[in-house]
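Here's a quick, friendly tour of one structure. Take a look at it, and then we'll walk through a few of its details.

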Amino acid sequence: MNKDFFKLGIIGNPLSHSVSPIMQIEALKSVNLTGSYEKFEIQTNEIEKYLNFFIENNFTGFNVTIPHKIEIMKYLTEIDATALKIGAVNTVKINFDGSTKGYNTDIYGFIQGVNGKIQTIKNATVLGCGGAALAVVFGLEKLGCKYVTVAVRNISKGEKFVSDLKNKTDMEFIVKDISSLNIVEDTDILINATPLGMSGNNENEIPIGLNALKMAKKTMLIYDLIYNPSKTLLLEMAADMGFQFVNGLDMLVYQGAKAFEIWTGFYPDVEKMKQVILN
Ligand code: NAP
């Protein structure tokens, strides 16, 4: 085995639009390491087979994306405490003895997107209740948040999401209908964790309207997890109304940087990683 060559990759489906390969190759270059990063677009029933393939072929580690973040957990030797708590793994490290450990770096990525832009977070509103919203909720807890409004189109899904969180966090939750939502004055941060606004079919959509924001305080941070386009219609509106805002690029790049550090022991140059994606 060549210990100076890092064999890396990603499993998920679909992966055609994944920017992880260019981002992680840039990360390798940024700290003068050599290696590869390959895409493996696989079905859920192939996870174990590919995990064995990675072990046998001396991979250092790999990323896991939708829809495999939960299923992968049952095949790993060990799971780090944060990933266990959230119930999803996005990064796997393969040790020299062939044992494997799962981590979740999405929470770290989300937090880095907030850092420095807002001092105190007590109240938050999260739009959507899918996988990204789950990482957001645990990130909010780490940021000191106490109250979370989860705004959804399907109330029973929202209630299930919140009830699954009851024993995992001390935060208090309220579920609301996204179509009749008003962002109230004590909300410190509003996060879009829906695909509305994303390039493609949803690009001309906005998860909430202008009226929903009319009662919000002007110091509220609007955080859209979408990074393509870099300014969604929600963020255009945020800018026009004078709110501070952030897109999902930091979350994407920092989750990748943390994964890279887990695999190699080196923290890469995040600015170079961002730049290669923007280019
Ligand atoms: P997901 O698991 O499919 O969840 C999507 C959520 O959005 C669900 O709650 C879904 O509701 C809701 N939703 C979908 N269409 C909607 C609509 N028309 N009106 C209202 N709600 C709607 O997806 P995900 O993985 O959480 O990803 C969500 C977004 O975050 C995507 O835009 C993704 O690109 C972004 N993301 C960014 C990063 C990053 O690093 N920046 C990381 C992960 C995800 P139903 O359950 O009712 O369908």
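Let's start with Tyr 50, which counts as partly exposed because its relative accessibility is 22%; buried means under 20% relative accessible area, exposed over 50%, and partly exposed in between, with a 1.4 Å probe and protein chains only. Before going on, some ground rules: this is a predicted model, where local features need pLDDT of at least 70, side-chain atom pairs count only at pLDDT 80 or more, and totals for chains, interfaces and linings use all residues. Residues are numbered from 1 along each chain as its sequence is written, and side-chain values use heavy atoms, with hydrogens and water left out.

Tyr 50 shares helix α2 (residues 47-56) with Phe 54, four residues along, about one turn of the helix. (Helices are DSSP runs of H or I with at least four residues, numbered from the N terminus.) Phe 54 is buried, at a relative accessible area of 0%.

How many aromatic pairs does the structure hold? There are 13 aromatic pairs, counting rings of Phe, Tyr and Trp (its six-membered ring) with centres within 6.5 Å; planes under 30 degrees apart are stacked, over 60 edge-to-face and the rest tilted. Tyr 50 and Phe 54 have ring centres 6.3 Å apart and planes at 55°, so this pair is tilted. Ring pairs also join Phe 40, Tyr 50, Phe 53, Phe 54, Phe 59 and Phe 62 into a cluster.

Now for the ligand. It has 18 residues around it, and the closest are Cys 129, Ala 132, Arg 153, Lys 157 and Leu 225; a residue is near if one of its heavy atoms lies within 4 Å. By class, this shell has eleven nonpolar, five polar and two charged residues. Helices α5 (131-142) and α8 (249-264) each supply at least two residues of the shell.

Here are some distances from ligand atoms to polar backbone atoms:

| Ligand atom | Backbone partner | Distance |
|---|---|---|
| oxygen | Thr 194 | 3.4 Å |
| nitrogen | Leu 225 | 2.9 Å |
| nitrogen | Gly 248 | 2.9 Å |

Taken alone, the ligand exposes 920 Å², and the protein buries 74% of that (areas by the Shrake-Rupley method with a 1.4 Å probe).

Last, the cysteines. Searching the whole structure turns up zero disulfides, a disulfide being a pair of cysteine sulfur atoms within 2.5 Å. Why does Cys 129 form no bond with Cys 145? The closest cysteine sulfur to that of Cys 129 is in Cys 145, 17 Å away, which is too far for a bond. Cys 129 is partly exposed, at a relative accessible area of 22%, whereas Cys 145 is buried at 3%.

Technical notes
Polar contact = N/O pair within 3.5 Å; in protein donor to acceptor, adjacent residues only side chain to side chain. Nonpolar A, V, L, I, M, F, W, Y, C, P; charged D, E, K, R; others polar.
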